[in-house]
Amino acid sequence: MKVNTRNFVQTAEREMQNQYARAFLALMPPVIAALRVQVMGSFPDPEAAQELGRAIRAEAVARMPDLLEEFERNAVAAGARVLWARDASEANELVLSIARERNVTEVTKGKSMISEETGLNEAFKNNGIEPFETDLGEFIAQQLERPPFHIVGPAINVPVEEICDLFMKKAGMEKATTDPVELGYAARLFLRDKFRRVRMGITGVNVAVAETGAIVNVENEGNIRFNKSSPLTQVSLMSIEKVVPTMNDALHLVRLLCRNCTGQGISAYVSIDRGPKMKEEFDGPEELFIIIVDNGRSRIYEDVKMRQVLRCIRCGACLNLCPIYSKIGGYPYGWAYSGPMGQVLNPALLGVDDTSDLFNACTLCGTCREICPAGVDHPELFLYYRELEAEGKKMSSGRWEARFFKLWGTAAAHTGLWRFFYRLVRPVVARYGKEGKIKAMPGPFEGWFKTRDLPVPARRTFRDRWRKSMSEKNLSRGGME
Amino acid sequence: MGAVSLFIPCTVDFMMPEVGEAVVRLLRRLGVEPVYHEEQTCCGQPAMNAGYPAEARKAAKHFIETFGDDEVVVSPSGSCTAMVKYHYPELLRDEPSWHGRAEELSNRIYELSQYLVDVLGVEDVGASFDGTVTYHESCHILRRLGVSRQPKVLIKKVKGTTFIPMDQADACCGFGGEFSFRYAFISEEMVREKVDHYLKSGADLLIISEPGCLLNISGYLSRNNPDKKALHLAEFLAGVQEGGVK
Amino acid sequence: MEESAREEILARLRKVPKEETPVRPVLPPARELSLDKEGLVSLFTEKLSRETGVVYRAADRDEALDHLTEIARTENLKRVMTSTDDTILSLDLPAWGDRNGVAVSTAADYVDREEYKRAVFDEADAGITGADFAVAETGTLVTAHSERQPRLVSLAPILHIAVVGIDRLVPVYEEALNAFYGYGGRIPAHVTLITGPSMTADIRATSFKGMHGPRRVMVILLG
């Protein structure tokens, strides 16, 4: 997927004016958040259930190399072909060569975020192979060439008129309609034909189980099941952090994933594959390829402070509660992942230089950390990314900021200097005030004043007042204030 | 009761010293004589949040030197208290003796309402206010410190006060330090919604325990709804003196 | 070339010191575990109904067939595809089909995979299958697929009818899956957990059933 993380401010400003987006953001996330609370209540101890999810993911990350080897061993024993890819181009090339060897000209795809990262669809098209996204939301977003608006509903904000146009142009729909149900049915017909005929299906993986070598997928539509049942060749892409120790671990995470993602007890379909079809089966893939993709994650793993990013299970609960996401929607985050999830993943995968606004445009309110079933501490990561960015800045454009804070640090450690700088700066700022309030002030703080006032910094600080009252106390021999 | 050492954050020291004065008045009324170390400067949050942990560390060490021998430290700011409690040990992880002192200090530092209710054991501070009041749950106080019951019980025990809960009281107000001016266009939306909920509640007064939130929300009210007020919890409990409610 | 990718990735992951694995909290037992048979039936029905699934009780084979006859009538079923698991075989659906003017076929009836696919995609008005377990926790059917339980029969037709023995009703997923992946026996290549019909809300958050899979699911609890 094209990286567009440098346009955060522009895109956010635009999206905040978009009434469709705002309408959804006012409605959908709070509804899912409320459903989540309700459905987590079906655990006798929801907090313990949350803690268990965090422990499972922490263990999965801690034991990753061993678990990956165990997974591979068991998957191969079940007849799967397991391949490894270091980066996007290796991953894409593996899939392309499987397709070429089988003279495939069309593929159907279930939702796979790792394939969005690697730009697999683009690679297919550049090689004369037509990919069809079969998840309805992804299908729409793909055709409109937009990043996902929300991880669960990638095109949920798109007006029906646009979808109608799109379907008439690209999905063989003949009669115009803006009824969401009729549009859904048109997509069903179009994609059903693909499921029937296409020879190779591609899926992602939600959880990979080391103990059994099985891959688990979670969905509501049935398109992933079709990709696992109809084509002769199935290719499933998983990033390295998907692996967990046991089947019971996977089941617990499936519960947490569904409850946090959409507020459902479980999604309509969960499918578990261990190897290709059994010899006697009438349907199912004759070959199952599992491609384990790194794409920057082993580098992240090496950074002990960043490593916890790999715990994320992509449930999207953080999006639904983020006060900033709920104003701007998914587009400003500019890549495969949005909301707090994107704020922790995109900088780790793309580097902090290109993703500055993602980890700076945050109040550190901590709601994401609180809700996360995988135990990611988002605010801690944002502070770390800011630290990395500042270190980089010291070399170049941010020199003034680094110098400012160096001075600041010295002042904070020396009372006299601290007071001195206040005495120096206060009158400069106070100049902009009138009757105790500042209504406008040029410089870095300018943005504040568009809708807010600020009190003029006090001439008599708390310390001054304390000293005065204390000295008065001394003079009057123990008089109370 | 042993001496209580006041940690007055720079936001209070410079921008709202009357809040600090209210804390002093309140504690004295409850029979607690506060101590104030004049050498205190800043907890280091601005440097930390901007990505300069080395500079934050300098502030942290100065802080530990200043407050290290106090039995109890109390602050009218949750975010600053959280900085000391949760970030200092991590910041000083690589220097064992500082780390030890930071861990030690983290057990002895409290946000104001936390101190009053959990340590002093007081819920009725002897204040009175005739009217309806609502409360904004600041992010660090609620989520970092886990403090929510304490400020509300203090408010409810003020004679003559009726407490009205506000919609989405726990939604972030959009301050976030640098965020408020660097990403002002988003911050504005958040504070506008916060004020909306305040107004919709119909309460006469909004109480806030966090100086940053107070600056943000009061700043918006001052420009857009000057008849409606927000007050720091300390001021509300101490009873506002000079000049009435700002 | 893949060999070196694998080695390189694993080597990098092993370069850093391993972190400690946190202690896992003990969860209190699921509430569903304390339900008796009627409690499980109740819960299963409630959960599946909320997803618009329909649950029928049948004391015996004849009652189950009566339900099917009624469904065939109201849904105007002309052709159905079935699995050949024990529960379905015990119903003798071909005979039932003869009696009720419904053409009944199974995957084995077709000359090749493509013909079978054509039939299950384009001809079948409904897919009738058994299931290995019914899970009360969320109204879920758990099925291990095989030549007797093809994958597309419960997926491609617009209506899915499942017949499950009541002795296969369990409280939580673990009981079902541990049976498959537990101790020996033929481990299935494909296991599905089906909870109600296929659905999406991807267009304007408007709920739509039958996105790719069945629009309706009916379950007959037998016994």
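Let me start with strand 2 of chain A, residues 106-109, which pairs in the parallel sense with strand 3 of chain A, residues 130-133, over 4 bridges; please keep in mind that this is a predicted model. Within that pairing, Lys109(A) has Glu133(A) in strand 3 of chain A as its bridge partner. Strand 2 of chain A also pairs with strand 4 of chain A, residues 200-203, again in the parallel sense and over 3 bridges, and there Val107(A) stands opposite Met200(A).

Moving along, strand 7 of chain A, residues 233-239, runs parallel to strand 10 of chain A, residues 287-293, and 7 bridges join the two. If you would like a residue pair to look for on the screen, Ser236(A) has Ile290(A) of strand 10 of chain A as its bridge partner.

These pairings belong to an open sheet of 6 strands in chain A, with parallel pairing and the order 1-10-7-4-2-3. Which strands are at the edges of that sheet? They are strand 1, residues 81-85, and strand 3 of chain A, each of which pairs on one side only. From one strand to the next, the twist averages 25 degrees.

Now to chain C, which has 7 helices and 12 strands. Its C-alpha atoms fill a box of roughly 70 × 50 × 45 Å along the principal axes, and of the 223 residues of chain C, 49% count as buried. If we take the contacts in chain C between residues at least 6 apart in sequence, 75% join residues at least 24 apart.

That brings me to the contact between the two chains, which takes 64 residues from chain C and 73 residues from chain A. On the side of chain C that touches chain A, helix 1 (2-15), helix 6 (113-123), helix 7 (173-181), strand 9 (190-194) and strand 10 (199-200) of chain C each supply at least two residues. Which of the elements of chain C gives the largest share of this side? Helix 1 of chain C does, with 10 residues. By residue class, the side of chain C that touches chain A divides into 31 nonpolar, 15 polar and 18 charged residues.

Finally, strand pairing also crosses from one chain to the other: strand 9 of chain A, residues 269-273, and strand 9 of chain C run antiparallel and are joined by 5 bridges. In this pairing, Tyr269(A) stands opposite Ile194(C). As general background, strands of a sheet pair through backbone hydrogen bonds, either parallel or antiparallel.

Definitions and conventions
Residues are numbered from 1 along each chain as its sequence is written. Chains are lettered from A and ligands numbered from 1 in the order in which they are written. This is a predicted model: local features need pLDDT of at least 70, side-chain atom pairs count only at pLDDT 80 or more; totals for chains, interfaces and linings use all residues. Two residues are in contact if their C-beta atoms, placed from the backbone, lie within 7 Å. Ala, Val, Leu, Ile, Met, Phe, Trp, Tyr, Cys and Pro count as nonpolar, Asp, Glu, Lys and Arg as charged, and the others, Gly among them, as polar. Two strands pair if DSSP finds at least two bridges between them. A residue is buried if 20 or more other C-beta atoms lie within 10 Å of its own, exposed if 12 or fewer, and partly exposed in between; C-beta atoms are placed from the backbone. Axes are lines fitted to C-alpha atoms, for helices over the stretch in contact, and angles run from 0 to 180 degrees between N-to-C directions.
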